[in-house]
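User: I am new to this structure. Please take a close look at one part of it, and then say briefly what open spaces the model has.

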Amino acid sequence: MNHFGLVTEGESDQVVVERILMGYFNDPDLMVTANHPLRDETDKGKATGGWGNLLEYLKSDAFKQTFQTTKYIVVQIDTDKSEEFGVSKPFEGKDINIDLLVHETQAKLIESIGEFFELVKQRLIFAISVHEIECWLLPIYYTDSKSAKTTGCINTLNQALQKKEGFSIHAKEYKYYEKMAKNFLKRKDLDRYSPHNPSLKIFVDKLQYCQIEGI
């Protein structure tokens with residue numbers, strides 16, 4: 001049985017979440033499967049990513065069937081478009097209430113899952129990235145207040161990437177996210193980075209409740 005299955009907005013989100021899981025459990029061989037969207041070169045032309053397709057997937061039989069072969073399912077979504085899927089941003093601006101936004105977004109995901117949620121709630125982990133998963137990468141490259149940013153994260157990240165890595169992520173190329181997210185592969189590094197970004201820390205803290213045999 002797979003340890004974790006990933007249901008995310010896109011492939012770049014998958015690689016970040018996957019590396020966080022491997023780092024948290026100190027296991028590069030952790031069995032992690034991408035359930036949605038599928039990592040399949042033949043499907044590159046299909047619009048399988050995005051928050052709309054994710055919410056539809058949570059209602060599907062395919063989502064239910066993943067629990068037959070996977071112990072835990074991680075469901076990830078960004079909050080940058082939260083108003084579009086019915087979740088307002090509480091106290092937006094300098095004083096955004098991240099805890100409340102995470103809670104309300106999680107409730108929206110549960111709403112899409114429907115009654116099935118009660119059957120699998122102990123095996124579901126929600127990864128709510130405020131407002132983009134790129135914000136979770138900022139503590140790798142910044143030690144000041146920028147590490148906790150929730151807006152403009154891609155531009156802020158690119159400023160550091162161009163200097164330190166020699167690339168930028170204007171296009172979400174998988175290989176670049178692999179290179180950035182490798183910094184999460186060691187538990188000591190993940191523990192150092194995660195407290196600096198509130199929504200990342202919320203996700204990482206949830207992992208303590210996962211019971212993985214042999215780890």
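**Helix H7 and the pockets**

Analyst: Helix H7 uses its buried residues to pack against two other helices, H6 (138–141) and H8 (174–181). The model is a predicted one. The residues of H7 that are buried are Cys153, Thr156, Leu157, Asn158, Ala160 and Leu161. As background to such a list, residues three or four places apart in an α-helix point the same way, because there are 3.6 residues a turn.

The length of H7 can be checked. The helix holds twelve residues, 153–164, and at 1.5 Å a residue it should span 16 Å. The C-alpha atoms at its ends are 16 Å apart, so the expected span and the model agree. Just after H7 comes glycine 166, with a positive phi of about 80 degrees.

Now the open spaces. The largest pocket has a volume of about 210 Å³. Its lining consists of Tyr72, Gln106, Lys121, Gln122, Leu124, Ile125, Phe126, Lys206, Tyr209 and Cys210. Strand E4 (residues 124–129) supplies the largest share of that lining, three residues. By class, the lining has six nonpolar, two polar and two charged residues.

The second largest pocket holds about 170 Å³ of space. It is lined by 13 residues, and those closest to its centre are Gly10, Glu11, Ser12, Asp13 and Lys172. Here the largest share, three residues, belongs to helix H1 (residues 11–24). Nine residues in the lining of the second largest pocket are charged, with two nonpolar and two polar.

Key: Residues are numbered from 1 along each chain as its sequence is written. This is a predicted model: local features need pLDDT of at least 70, side-chain atom pairs count only at pLDDT 80 or more; totals for chains, interfaces and linings use all residues. Side-chain values use heavy atoms; hydrogens and water are left out. Helices (H or I, at least four residues) and strands (E, at least two) are DSSP runs, numbered from the N terminus. The expected span of a helix is 1.5 Å times one less than its number of residues. Buried means under 20% relative accessible area, exposed over 50%, partly exposed in between (1.4 Å probe, protein chains only). Contact means heavy atoms within 4.5 Å. On a 1 Å grid over the protein atoms alone, a cavity is a set of points where a 1.4 Å probe fits but cannot get out, and a pocket is an open set with protein on both sides within 12 Å along at least five of seven lines; lining residues have an atom within 4 Å of a point. Grid points are joined across faces, edges and corners, and a volume is the space filled by probe spheres set on the points. Ala, Val, Leu, Ile, Met, Phe, Trp, Tyr, Cys and Pro count as nonpolar, Asp, Glu, Lys and Arg as charged, and the others, Gly among them, as polar.
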